[in-house]
Amino acid sequence: TIVKCFIEMMLELLRVVPAVMSAIHTAMAPQLTEKEKRSPWMGIRPKCDPGSLDMAYPLAKAILMLIILFVYAVLAPISCFVMAAGFFAQQVVYRYQFAFVYDPSNDTDGKLWPKAAGYVVVCMLISQVTVLGVIGLKEGAMAPLMFPLIVITILFWRYLSQQHFRVAATLPMPDCVRKDRA
């Protein structure tokens, strides 16, 4: 997974796929007017239009890496360093791409963070159940000691999904500040 991550980050940074697609656009698309040169043709964008980043794929990749990190942090602690290198590479590449390449029209203004926190808690639950299974198979008597941790994680997940987070998502910032000061 980490090798795939580094190869994808290299291809994202070098923008190999968009370069090939723009070469196809230049070779095959009608180039009669300036507007035709700059407009997409059959879904293929020209080089001057980088488009916006589809957040589903990087988010899915980050969730997969989180699950691997949480499961193997207990079983093989050296994996933490490898995953940290993968997350660092993604942070550097996507920060550059967001700042200088992609169209910022799909900026969510921080509305993704509560969902991301929920995803992290789900990843923690999956990893705890997996570690519970591994401990149950190796040392059956120690497995019940994992249940309080799972219960605490579920209680934390319920705390994160309480109503005051939903109110903060729709309330304008000045009103939030006034309510916090009151």
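Contact here means heavy atoms within 4.5 Å. This is a predicted model, where local features need pLDDT of at least 70 and side-chain atom pairs count only at pLDDT 80 or more, while totals for chains, interfaces and linings use all residues. Residues are numbered from 1 along each chain as its sequence is written, and side-chain values use heavy atoms, with hydrogens and water left out.

**View 1. The whole chain, helices from end to end.** The protein chain has 9 helices and 0 strands, with helices (H or I, at least four residues) and strands (E, at least two) taken as DSSP runs numbered from the N terminus. Read from that end, the elements go α-α-α-α-α-α-α-α-α. Of the 182 residues, 25% are buried; buried means under 20% relative accessible area, exposed over 50%, and partly exposed in between (1.4 Å probe, protein chains only). The accessible surface adds up to about 12800 Å², and carbon and sulfur atoms own 70% of that. These areas come from the Shrake-Rupley method with a 1.4 Å probe, and for residues only the protein chains shown count as cover. Take the contacts between residues at least 6 apart in sequence: 62% of them join residues at least 24 apart.

**View 2. Glu8 and Lys61, a salt bridge between H1 and H4.** Searching the whole structure turns up 1 salt bridge, meaning a side-chain nitrogen of Lys or Arg within 4 Å of a carboxyl oxygen of Asp or Glu. Here the side chains of Glu8 and Lys61 meet at 3.0 Å, N to O. The pair ties together distant parts of the chain, with Glu8 in helix H1 (residues 2-14) and Lys61 in helix H4 (residues 56-75), 53 residues apart. Side chains of opposite charge can pair when their charged atoms come close. Both partners sit inside: Glu8 is buried at 17% relative accessible area, and Lys61 is buried at 10%.

**View 3. Around Lys61.** Leaving out residues up to four places away in sequence, Lys61 touches Glu8, Met9, Gln90 and Tyr94. Cys5 is 56 residues from Lys61 along the chain, yet their C-alpha atoms are separated by 8.4 Å.

**View 4. Met9 and the largest nonpolar core.** A nonpolar core is a set of buried Ala, Val, Leu, Ile, Met, Phe, Trp, Tyr and Cys residues joined through side-chain atoms within 4.5 Å. The largest one has 13 residues, and Met9 and Met83 have the most contacts inside it. H1, H4 and helix H5 (79-100) each chip in at least two residues. Another core, of 6 residues, lies apart from this one and includes Leu125, Val131, Ala143 and Ile150. Back at Met9, the contacts beyond four places in sequence are Lys61, Ala89, Gln90, Val93 and Tyr94.

**View 5. Ser127 in helix H6.** Ser127 belongs to helix H6 (residues 112-138) and is buried, with a relative accessible area of 5%. A polar atom of the Ser127 side chain lies 2.8 Å from the backbone oxygen of Met124. Skipping residues up to four places away in sequence, Ser127 touches Phe70 and Val71.

**View 6. Two cysteines, Cys80 and Cys123.** Cys80 counts as partly exposed at 28% relative accessibility, whereas Cys123 is buried at 2%. The structure holds 0 disulfides, a disulfide being a pair of cysteine sulfur atoms within 2.5 Å.

How values were computed
A polar contact is a pair of N or O atoms within 3.5 Å; within protein, one must be able to donate a hydrogen and the other to accept it, and residues adjacent in sequence count only if both atoms are side-chain atoms.
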